[in-house]
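User: Please take a close look at the nonpolar interior of this model and at the charged pairs that go with it. I would like the cut-offs stated as you go.

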Amino acid sequence: MTENKALLDRRTFLASAAGTAVLAATGFSTDALAAAALKLGAKSDFSFEGLVARAKALAAKDYVPPLRPPAAILDQLTYEEHGKIRFNTDYALFGDGPGRYPVTFFHLGKFFQTPVRMHVVASGQAQEIVYDDSYFDMPPDSPAHNLPRGSGFAGFRLQESRLSDKLDWRKNDWVAFLGASYFRAIGELYQYGLSARGIAVDVAVAGQAEEFPDFTHIFFETPTGDGDAVTVYALLDGPSLAGAYRFDMRRETGVIMDVDKQLFLRKDIARFGAAPLTSMYWYSEAIKPAAVDWRPEVHDSDGLALLTGVGERIWRPLNDPARITASTFADSDPRGFGLLQRDRNFEHYLDGVHYERRPSLWVEPLDKWGKGSVTLVELPTDDEIHDNIVAMWVPEEPAKAGSTHHFRYRLHWLADEPFPSPLGRCVATRLGNGGEPGKPRPKGVRKFMVEFLGGPLADLPFGVKPEPVLWASRGTFSYVFTEAVPDDVPGHWRAQFDFTVAGSEPVDMRLYLKAKDRVLTETWLYQYNPFGNA
């Protein structure tokens, strides 16, 4: 599901908002860039419309992989050797303005061998930023010194504002593009976590390998003045498709990205994932194998949230399944979806990498997307270093060779949903053995405790208990009731029920709370795996 090159050392990279210290200063015009010793190529005309035409022309031809620098050199840039290389902060793009946010670059290495060509755009003219090892601080004997000039870069970062009096922009960044079409941003809690991708091609399709197209060219629009927006263009290419992207990124409470992309298909794609999100879920309060790890929970995201086209609010807790699963949530013109980290309590993780600060990522369509489904793919994992969760929009119409696809959407990297529900929210899902305390526990019966908090639950009259509304694709419910959680928190309720089912195939479940005809909570969806969760 994810490539090795998309992960160098995931835990280390995510341990802080900035990662390692990087990059610094040059002038605002192409002449000033040259004077500051960034080496530039020849000028060429540039526009987004021209980039779209270039992607369309690429897709009309056979795919040609990007030329890579000598593998014999890159293979020597192991994790250890790559870690000794630091961008020299005297060469940051826009380090002296214009704009607030300098741009810094990642070096190629063993795990990032596909070069990305970086360009600066000013007044409709683009010039390549030509790679040179002098941009980087590295040991005299580093194998990187042997890379040819012009080899390209692995990716880039956007640093925090150079005008900030709170953060040193040289040590703090807020966006990182690195590996295939992966990119990350910090949320309002100053932490990296889950990733987005430019496109997902054939994720978890039986008998077919997943494809990872690359951003091969990046173009940085020279800012005007000291505004908050950063505009970046990208050309994507892969065996099955080519595409042109525009990212308008803003550093606000969290990070907001407006994405405009046009994709041109060379081949049929079985599972065409637009607006894909990629995250990690190992275990949470719901299910934890005995003594698998000392920490109570380990995950970057704990659930998929959906706001459907008709306005229903849905929460689907994530699983670490025993086998690859793909769940589809059919919809028409969805209002949004996202992978969220709702649990913000440090004591639930007890880890210095601060999983409780990981951002939530919400996709807000800016156009009508028509019919399709939000597809959630969950892969089994036994460690936190693997991204094993993908959520994406899959159009109903088959993705055929020669077709064109245009998507516009906004990505919200925040601590929570950008449009909170007025209903009570699911805050925990807990599983255990069925039966009643003090009595023999029946075999093959699973107990569920689903907790909801807030919204109308906080305003229930004294003596009124919410009613659970339950459904399952198969199996039977028993011992069903609701009760207030005894923690003196207003509006904190839980639904409890036992569930019995035969066989090992997954079971889809659904629950919400109501009072008479009034819906009190969002809808809890769950995929119970009797085999994997037994």
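Analyst: What follows starts with the core, moves to two of its neighbourhoods, and ends with the salt bridges and a surface patch.

This is a predicted model, in which local features need pLDDT of at least 70 and side-chain atom pairs count only at pLDDT 80 or more, while totals for chains, interfaces and linings use all residues. Residues are numbered from 1 along each chain as its sequence is written, and side-chain values use heavy atoms, with hydrogens and water left out.

The largest nonpolar core (a set of buried Ala, Val, Leu, Ile, Met, Phe, Trp, Tyr and Cys residues joined through side-chain atoms within 4.5 Å) comprises 85 residues, and those with the most contacts inside it are F156, F220, F337, L411 and W413. Apart from it there is another core, of 28 residues, among them A286, A305, L340 and L511. Here buried means under 20% relative accessible area, exposed over 50%, and partly exposed in between, with a 1.4 Å probe and protein chains only.

Leaving aside neighbours within four places in sequence, F220 is in contact (heavy atoms within 4.5 Å) with residues including L93, F105, M118, H119 and F156. H119 belongs to strand β4, residues 117-122, where strands (E, at least two residues) are DSSP runs numbered from the N terminus. H119 counts as buried, at 9% relative accessibility, and, not counting residues up to four places away in sequence, the residues it touches include Q127, E128, H217 and F220.

Turning to charge, a search of the whole structure finds 31 salt bridges, each being a side-chain nitrogen of Lys or Arg within 4 Å of a carboxyl oxygen of Asp or Glu. In one of them, R157 pairs with D173, with the closest N and O atoms 3.3 Å apart; the pair links distant parts of the chain, since R157 sits in strand β7 (residues 155-159) and D173 in strand β8 (residues 173-178), 16 residues apart. R157 is buried at 5% relative accessibility, and D173 is buried at 1%. By contrast, E436 and K439 form a salt bridge at 3.6 Å between the closest N and O atoms, where E436 is partly exposed at 32% and K439 is partly exposed at 49%. A network of salt bridges also links R313, R342, D416, E417, R425 and E522.

On the surface, W294, F346 and L350 form a nonpolar patch with about 330 Å² of accessible area together; such patches join nonpolar side chains (Val, Leu, Ile, Met, Phe, Trp, Tyr) within 5 Å, from residues with over 30% relative accessible area and no salt bridge, and accessible areas come from the Shrake-Rupley method with a 1.4 Å probe. F346 is partly exposed, at 36%.

Note on methods
Patches are made of residues with over 30% relative accessible area and no salt bridge: like charges are joined within 9 Å, nonpolar side chains (Val, Leu, Ile, Met, Phe, Trp, Tyr) within 5 Å. Helices (H or I, at least four residues) and strands (E, at least two) are DSSP runs, numbered from the N terminus.
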